[in-house]
Amino acid sequence: MILKLIQLENFRSFKKREFKFSFKTCFLLGPNTAGKTNVLEAIYLLASGKSFRASQDTEMIKYESEFSRVKGKIEKDELEIILTRGEINGKRTNKKLYKINNTPKRLPDFLGSLRAVLFKPEDINLVLGSPSIRRDYLNLILEQLDWQYRTCLSAYNKGLRQRNKVLSKIREGEAKESQLTFWNQLLIKNGQIINQTREIMIIFYNKQFKDTEIIYDKSPITLQRLEKYKQAELALGMTLVGPHRDDFKFLKHKANGRKDLSLYGSRGEQRLAVLYLKLAELKFVIQKTNQKPILLLDDIFSELDKKNRKLVIKIINDYQTIITNTGEEIDKDIKKEIKDSLFIKLNIDN
Ligand SMILES: Nc1ncnc2c1ncn2[C@@H]1O[C@H](COP(=O)(O)OP(=O)(O)O)[C@@H](O)[C@H]1O
Ligand SMILES: [Mg+2]
């Protein structure tokens, strides 16, 4: 699977722009705000159906435009996503449309033509940030690879909102406890699948790691646990157990025991843990799909020390890779090690 080209129309800062890639490593070079990350975002959108940084799809539509279009050519197929604000020329439209070779597709049929693994500096927050960042990570990966996971997660999240409403109403004396039964069953059924799928992924990841380990801090959801937390849940109007409370942490094996990297790791060790996580993700995608994903590396070289750069470069040569880098040039040591590369320069007034 090779991404040959992408075309952007009213996407973020780009009015109209085409980028041709080749199997070689491609460098997108340019100053800050030139739009480098925007290009990776567009590619990732074609792979995953969503942005890795926008909370709303409309953020990706160029200011003052009514729609945005991203097209990508992969071997014979042309993928296309159109985003709108819900209206074009005063007429109501779908907010998101997926097409393959000009034929509209449902999301499950659209996903899978392009696979991408993204590595960005903010990924350090997978070690340092809040649990919700780590849950979002698990969801983003699993939703792309496992349709059952996606439907369970969607049902679970809707059920969770409803159950919380019922809890609040019971507290206010406006609902009966028996009204929880339906939502309990729905959350247990979907929540257990979410927990299991995450667990399998983490076990796979751990097989790829050497001296670092991911510990899945699972919040299982069962009738017994719901019963146990019932009084607290009623008092708070909030569901306290289940995958929406899951977390994971990185432990490093040291001579004097295992250490939590978020608390005791050096910045270098934390970055290395994230790098290993990304490598595990790469392997996981290959195992699940039998396809080689393209690698998207967003400004990561400045963050890595020499040894880790070497590790990344070795991998780059095996995949179609698109790398952004701030500035006009990339370091000589990187240039020397990467076999063939293509350079695309971006300016601020794209
Ligand atoms: N919806 C949008 N419409 C127009 N411009 C946008 C939109 N969203 C972001 N931008 C612009 O895109 C630029 C950031 O692009 P980015 O890809 O993050 O740059 P970098 O090259 O530093 O990675 C900023 O100048 C920002 O104003
Ligand atoms: Mg950027």
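Is P243 buried or exposed in this structure? I shall begin there, and then move through the ligand site, one helix in detail, and several individual residues. Please keep in mind throughout that the model before you is predicted.

P243 sits in the loop that connects α8 to β12, the latter covering residues 247-254. Its relative accessibility is 1%, and since the cut-off for a buried residue is under 20%, P243 counts as buried. What lies around it? Leaving aside residues up to four places away in sequence, P243 touches R135, Y156, G191, I194, N195, R198, S219 and I221. For I221, we can also give a distance: 22 residues separate it from P243 along the chain, and their C-alpha atoms are 7.5 Å apart.

Let me turn to the ligand. Which residues come nearest to ligand 1? There are 15 residues around it, and the nearest are T33, K36, T37, N38 and I61. By character, the shell consists of four nonpolar, six polar and five charged residues.

Some polar contacts can be described individually. N38 places a backbone N or O atom 2.8 Å from an oxygen atom of ligand 1. R53 contributes through its side chain, a polar atom of which is 3.3 Å from an oxygen atom of the ligand. In the case of Y63, a polar backbone atom lies 3.0 Å from a nitrogen atom of ligand 1. As for coverage, ligand 1 taken alone exposes 580 Å², and the protein buries 78% of that area.

I now come to helix α5, which comprises residues 147-171. Does its length agree or disagree with what is expected of its 25 residues? At 1.5 Å a residue, the helix should span 36 Å; the C-alpha atoms at its ends are 36 Å apart, and so the two values agree.

At the start of α5, D146 directs a side-chain oxygen to within 3.1 Å of the backbone nitrogen of Q148. After the helix comes G173, which has a positive phi, near 75°.

Which residues of α5 are buried? They are Y149, R150, C152, L153, Y156, G159, L160, R163, N164, V166, L167 and I170. In this connection, a general point is useful: an α-helix has 3.6 residues a turn, so residues three or four places apart point the same way. The cover over the buried residues of α5 includes α1 (36-48), α2 (107-110), α4 (131-145), α6 (180-208), α7 (223-228) and α8 (230-236). One of the buried residues, Y156, has already been mentioned among the contacts of P243.

Next, I would draw your attention to helix α10, residues 267-289, where E269 is found. E269 has a relative accessible area of 19%, and because buried means under 20%, it is classed as buried. A polar atom of the E269 side chain lies 2.9 Å from the backbone nitrogen of S266. Setting aside residues up to four places away in sequence, E269 touches K252, K254, L261 and Y264.

Q270 is also found in helix α10. With a relative accessibility of 5%, Q270 counts as buried. Its contacts, with the same exclusion of residues up to four places away, are I124, V127, L128, L261, S262 and G265. L261 therefore appears in the contact list of E269 as well as in that of Q270.Strand β4, residues 67-74, contains K71. At 22% relative accessible area, K71 is partly exposed. Beyond residues up to four places away in sequence, K71 touches L5, I6, Q7, L46, E78, L79 and E80. The C-alpha atom of K71 is separated by 9.5 Å from that of I100, a residue 29 places away along the chain.

Finally, I should like to mention two loop residues. Where does N89 lie? N89 is in the loop between β6 (87-88) and β7 (91-92). Its phi is positive, about 50°, although N89 is not a glycine. With 71% relative accessibility, N89 counts as exposed.

N102 is placed in the loop between β8 (96-100) and β9 (103-105). Here too the residue is other than glycine and phi is positive, near 70°. N102 has a relative accessible area of 53% and is exposed.

To close where we began: P243 is buried, at 1% relative accessibility, while N89 is exposed, at 71%.

Technical notes:
Residues numbered from 1 in each chain as written. Chains lettered and ligands numbered in written order. Predicted model: local features only at pLDDT ≥ 70, side-chain atom pairs only at ≥ 80, totals over all residues. Heavy atoms only, no water. Near = heavy atom within 4 Å. Polar contact = N/O pair within 3.5 Å; in protein donor to acceptor, adjacent residues only side chain to side chain. Areas by Shrake-Rupley, 256 points an atom, 1.4 Å probe, with all protein chains shown as cover. Nonpolar A, V, L, I, M, F, W, Y, C, P; charged D, E, K, R; others polar. Helix = DSSP H or I, 4+ residues; strand = E, 2+ residues; numbered from the N terminus. Buried < 20%, exposed > 50% of the residue type's maximum accessible area, 1.4 Å probe, protein only. Contact = heavy atoms within 4.5 Å. Expected span 1.5 Å × (residues − 1).
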